[in-house]
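The following exercises are to be worked with the sequence and the coordinates at hand. Each task is followed by a solution in steps.

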Amino acid sequence: MLTFFGRGSAFSKMNNNAFFTDGSDLVLIDCAMSSFHRIVEEGLDKICGGKEIKRIIVIVTHTHSDHISGIAMLIHYAFYILHIPVVVAAPSEEVRADLRYCCERLDGCAAQAYSIVLAEDPEIKWVKNVILTEHSPELAGRCFGYELMVNGTHIVYTGDTRTLAPYEPYITADTVLYSEISTYRSEVHLYLYDNLDRLIALTKQGTKVFLMHLDDEAQIQRAILYTDIRLAPLL
Ligand SMILES: [Zn+2]
Ligand SMILES: [Zn+2]
């Protein structure tokens, strides 16, 4: 199961950001600047329940700022302060090149501080499938979600998406689905009232459904009050 530093949408104080630990690895799904600050403030020890962390992995969904703004700072911090490496996992070659440009050219991260691999690399053992989705037209072809296996739990993580369709083939009764949701109707996010019935149906088949990337948490909480849908669990 995943824990979240924050579950807010792009303009929230705490942006949406999931993480888990596996052995001595801390694995983040995206890394917002707000999550980077949380890591510095709370310390890895507290965040990881006292586990000794020897490596941080960041699995990236797409390159909007609310998802990648903290990556380069995390690389600097892990290198100079924590003395552990960061592995950034990109969903495609194109996104990998974009991330390399950000870390290398724009942010000047030390080459020995990090590596950028593809999420399909066997090193990123939690990723079972990279799922291409539709989100913002400016990032067409460069927005993804994931099918993951984390500590024995089958997870589908939508990332930012305007449709559940690419994820449907991966969702079973045993799946834990983390789905973005929005109360504001737009062309780039999942509109709550168009998707609520489908999400409720999934819970009835046994799928656990957690909502994330919330624009109006109070309204979403009210809408799911008498359902088995839950909000993504915060740290
Ligand atoms: Zn976002
Ligand atoms: Zn986005």
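**Exercise 1: Helix 6 and its surroundings**

In this predicted model, Gly206 comes after helix 6 and has a positive phi, near 115 degrees.

Task. Compare the span of helix 6 (residues 192-204) with the expected one, and state which of its residues are buried and what they pack against.

Solution.
1. Helix 6 has 13 residues, and the rise is 1.5 Å a residue.
2. The expected span is 1.5 Å times one less than the number of residues, so helix 6 should extend over 18 Å.
3. The end C-alpha atoms of helix 6 lie 18 Å apart, in agreement with that expectation.
4. Leu192, Leu199 and Leu202 are the buried residues of the helix.
5. These buried residues pack against strand 10, strand 11 (208-212) and helix 7 (217-223).

**Exercise 2: The six-stranded sheet**

Task. Give the strand order of the open sheet of six strands, identify its edge strands, and describe how strand 9 pairs with strand 10.

Solution.
1. The order of the strands is 7-8-9-10-11-12, and the pairing is mixed.
2. Strand 7 (127-132) and strand 12 (230-231) are the edges, since each pairs on one side only.
3. Strands of a sheet pair through backbone hydrogen bonds, in either a parallel or an antiparallel sense.
4. For strand 9 (residues 153-157) and strand 10 (residues 176-180) the sense is parallel, with three bridges.
5. Within this arrangement, Val156 is positioned opposite Leu177 of strand 10.

**Exercise 3: The nonpolar core**

Task. Name the residues that touch the most other members of the largest nonpolar core, and list the contacts of Val88 beyond four places in sequence.

Solution.
1. The largest nonpolar core holds 65 residues, and Val58, Ile59 and Val88 touch the most other members.
2. Helix 4 (residues 71-82) contributes the most to this core, namely five residues.
3. With neighbours within four places in sequence set aside, Val88 contacts Val58, Val60, Ile71, Leu99, Tyr114 and Ile116.

**Exercise 4: The overall fold**

Task. Assess whether the protein is as compact as a globular protein of its length.

Solution.
1. The protein contains seven helices and twelve strands.
2. Its radius of gyration is 17 Å, close to the 18 Å given by the globule rule for 235 residues, so the protein is as compact as a globular protein of that length.
3. Along the principal axes, the C-alpha atoms fill a box of roughly 50 × 40 × 35 Å.
4. Of the 235 residues, 40% count as buried.
5. Among contacts between residues at least 6 apart in sequence, 60% join residues at least 24 apart.

Note on methods:
Residues numbered from 1 in each chain as written. Chains lettered and ligands numbered in written order. Predicted model: local features only at pLDDT ≥ 70, side-chain atom pairs only at ≥ 80, totals over all residues. Pairing = 2+ DSSP bridges. Helix = DSSP H or I, 4+ residues; strand = E, 2+ residues; numbered from the N terminus. Rg over C-alpha atoms; globule rule 2.2 N^0.38 Å. Buried ≥ 20, exposed ≤ 12 C-beta atoms within 10 Å, placed from the backbone. Contact = placed C-beta atoms within 7 Å. Core = buried A, V, L, I, M, F, W, Y, C linked by C-beta atoms within 7 Å.
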